[in-house]
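This briefing is intended for a reader who has the sequence and the coordinates at hand. Please consult both while reading the points below.

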Amino acid sequence: MIQCANPLAQYKSHQEEILEAVKRVLESGNYILGPEVEAFEQSFAAYAGIDYAIGVNSGTDALILTLRALNIGSGDEVITVSHTALATIAAIIASGATPVLVDIEPDYYTLNPQGFRRAITSKTRAVVPVHLYGQPADMDAIMDIARQHDLFVIEDCAQATGAIYKSKRVGSIGDAGCFSFYPTKNLGAIGDGGMVITRKSELAGRIRRLRQYGWNNHKETEEPGLNSRLDEIQAAILNVKLKNLDKGNARRRDIAQIYNKELAGLPVTLPVERQDTTHVYHLYVVACKKRDQLKKQLAENKIFAGIHYPSPVHLHGGYGGKIISSSGQLINTETIQAEILSLPIYPELTRVEIESVLETISSCLK
């Protein structure tokens with residue numbers, strides 16, 4: 001059986017170090033926001049080339065806390081894409097703001113800067129570009145537009161930990177970067193976890209307070225906050241995995257290049273990498289007119305591809321009336337939903353497994 005992602009394999013590849021780290025935490029008696037969290041925050045900030053990193057309970061909470069810390073809420077609009085994980089939009093709604101959804105670029109599947117520009121109104125306070133599938137968004141254009149209109153830029157880096165945009169790690173370009181450590185991510189916990197990074201001292205301090213009831217150092221509540229604490233076990237595990245992240249991302253890129261070479265000439269649209277960036281292939285996503293037939297044939301051969309995402313957020317019934325489509329037509333977003341397919345990709349994927357995936361695709365599409 002070949003999975004689309006395999007967090008168990010990632011655990012086994014670092015099993016000895018992870019078990020030692022967990023044992024260290026268990027024997028320490030410190031289980032929440034202790035020295036392991038502090039060490040991981042420092043390591044992650046250094047890795048990202050930034051001043052502050054704040055560990056939280058999830059990637060979704062990272063977005064919610066950042067929006068709240070920037071005083072974004074009821075009556076405000078936040079621009080982002082509909083082609084993303086639900087968490088992006090769920091976080092904006094949870095903050096009290098209104099998501100305004102714009103179309104994606106057809107080649108890169110990330111936020112179209114011109115759509116962003118057209119969607120700005122007097123109520124717009126921020127934009128959330130999503131570095132989707134491991135591909136950095138067009139941050140130069142997005143930052144230029146945001147500066148022109150005095151808007152905050154909150155990078156959704158949930159799928160792109162380690163990706164580089166013109167020599168900078170994603171998350172270090174805007175006002176804040178929000179990360180998820182869900183187990184299937186390139187840097188995955190064995191449980192849940194998230195992180196906010198920023199260069200702004202005041203913003204970092206406020207997020208630290210908000211993640212724990214709004215407490216200051218004396219456990220006095222300065223403002224209402226949440227319970228969104230990264231636990232010591234997950235931080236210890238993540239610190240082990242962080243040391244191996246670049247190696248794992250390089251392996252993902254190697255697998256992507258094998259796919260690119262061997263799938264060339266077949267009736268599939270392959271991923272396109274943005275110039276001057278390092279795509280880290282959290283997902284390897286192709287587009288195919290025979291997507292459903294291909295997915296079925298792969299499954300019959302015990303190869304389980306994914307669809308990210310089968311329905312754009314603006315078509316989810318549960319969000320009726322809570323979101324705005326900037327133009328009423330998200331053409332690229334709606335076109336790709338019936339064609340995209342995520343092929344298996346993770347550092348531990350073997351050459352034999354890759355060849356099995358390729359042979360099945362070839363037999364289906366030739």
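The points below concern salt bridges, helix contacts, burial and backbone geometry.

The structure is a predicted model. A search of the whole structure finds 16 salt bridges, and three of these pairs are described here individually. Helix 9 is mostly covered by its surroundings, while helix 11 and helix 13 cross with axes that come within 10 Å. The backbone includes a cis peptide bond between His-308 and Tyr-309.

**Salt bridge between Lys-243 and Glu-17**

- Lys-243 and Glu-17 form a side-chain salt bridge with an N to O distance of 3.0 Å.
- This pair connects distant parts of the chain, 226 residues apart: Lys-243 belongs to the loop between helix 9 (232-242) and helix 10 (245-263), and Glu-17 belongs to helix 2 (residues 15-28).
- Lys-243 has a relative accessible area of 61% and is therefore exposed, since the class begins over 50%.
- Glu-17, at a relative accessible area of 34%, is partly exposed.

**Salt bridges of helix 8**

- Arg-208 pairs with Glu-41 in a salt bridge whose closest N and O atoms are 3.2 Å apart.
- Because Arg-208 lies in helix 8 (residues 201-210) and Glu-41 in helix 3, this salt bridge ties together parts that are 167 residues apart in sequence.
- The two partners fall into separate accessibility classes: Arg-208 counts as partly exposed at 31% relative accessibility, whereas Glu-41 counts as buried at 7%.
- Arg-209 forms a salt bridge with Glu-222, at 3.3 Å from N to O.
- Arg-209 is in helix 8 and Glu-222 in the loop between helix 8 and helix 9, so their salt bridge ties together parts that are 13 residues apart in sequence.
- The relative accessibility of Arg-209 is 24%, and this residue counts as partly exposed.
- Glu-41, Arg-208 and Arg-211 are joined into one network by salt bridges that share partners.

**Glu-38 in helix 3**

- Glu-38 is located in helix 3 (residues 35-48).
- With a relative accessible area of 46%, Glu-38 is partly exposed; the value does not reach the exposed class because that class requires over 50%.
- Glu-38 and Val-22 are 16 residues apart along the chain, and their C-alpha atoms are separated by 16 Å.

**Burial of helix 9**

- Ten of the eleven residues of helix 9 are buried.
- Among the buried residues of helix 9 are the nonpolar side chains of Ala-235, Ala-236, Ile-237, Leu-238, Val-240 and Leu-242.
- Glu-232 and Lys-241, which count as charged, are also buried in helix 9, as are Gln-234 and Asn-239.
- The elements that cover the buried residues of helix 9 include helix 1 (7-13), helix 2, helix 3 and helix 10.

**Contact of helix 11 with helix 13**

- The axes of helix 11 (residues 291-300) and helix 13 (residues 351-365) come within 10 Å and cross at roughly 135°.
- This angle makes helix 11 oblique to helix 13, because a roughly antiparallel pair would need an angle over 145 degrees.
- The crossing of helix 11 past helix 13 is right-handed.
- On the side of helix 11, the contact involves Gln-293, Leu-294, Gln-297 and Leu-298.
- On the side of helix 13, the contact involves Val-357, Thr-360, Ile-361, Ser-363, Cys-364 and Leu-365.
- Classified by residue type, the contact between helix 11 and helix 13 holds six nonpolar, four polar and no charged residues.

**Backbone geometry**

- His-308 and Tyr-309 are joined by a cis peptide bond with omega of about 20°.
- Tyr-309 is placed in the loop between helix 11 and strand 12 (324-325).
- Tyr-133 is a residue other than glycine with a positive phi, near 65°.
- The location of Tyr-133 is the loop between strand 4 (124-127) and helix 7 (139-148).
- Tyr-133 is buried, as its relative accessible area is 3%.
- Ser-167, likewise a residue other than glycine, has a positive phi near 80°.
- Ser-167 occupies the loop between strand 6 (164-165) and strand 7 (168-169).
- With a relative accessible area of 69%, Ser-167 is exposed, whereas Tyr-133 is buried.

How values were computed. Residues are numbered from 1 along each chain as its sequence is written. This is a predicted model: local features need pLDDT of at least 70, side-chain atom pairs count only at pLDDT 80 or more; totals for chains, interfaces and linings use all residues. Side-chain values use heavy atoms; hydrogens and water are left out. Helices (H or I, at least four residues) and strands (E, at least two) are DSSP runs, numbered from the N terminus. Buried means under 20% relative accessible area, exposed over 50%, partly exposed in between (1.4 Å probe, protein chains only). A salt bridge is a side-chain nitrogen of Lys or Arg within 4 Å of a carboxyl oxygen of Asp or Glu. Axes are lines fitted to C-alpha atoms, for helices over the stretch in contact, and angles run from 0 to 180 degrees between N-to-C directions. Angles under 35 degrees count as roughly parallel, over 145 as roughly antiparallel, 65 to 115 as roughly perpendicular and the rest as oblique. A crossing is left-handed if the near helix is turned anticlockwise from the far one by less than a right angle, and right-handed if clockwise. Contact means heavy atoms within 4.5 Å.
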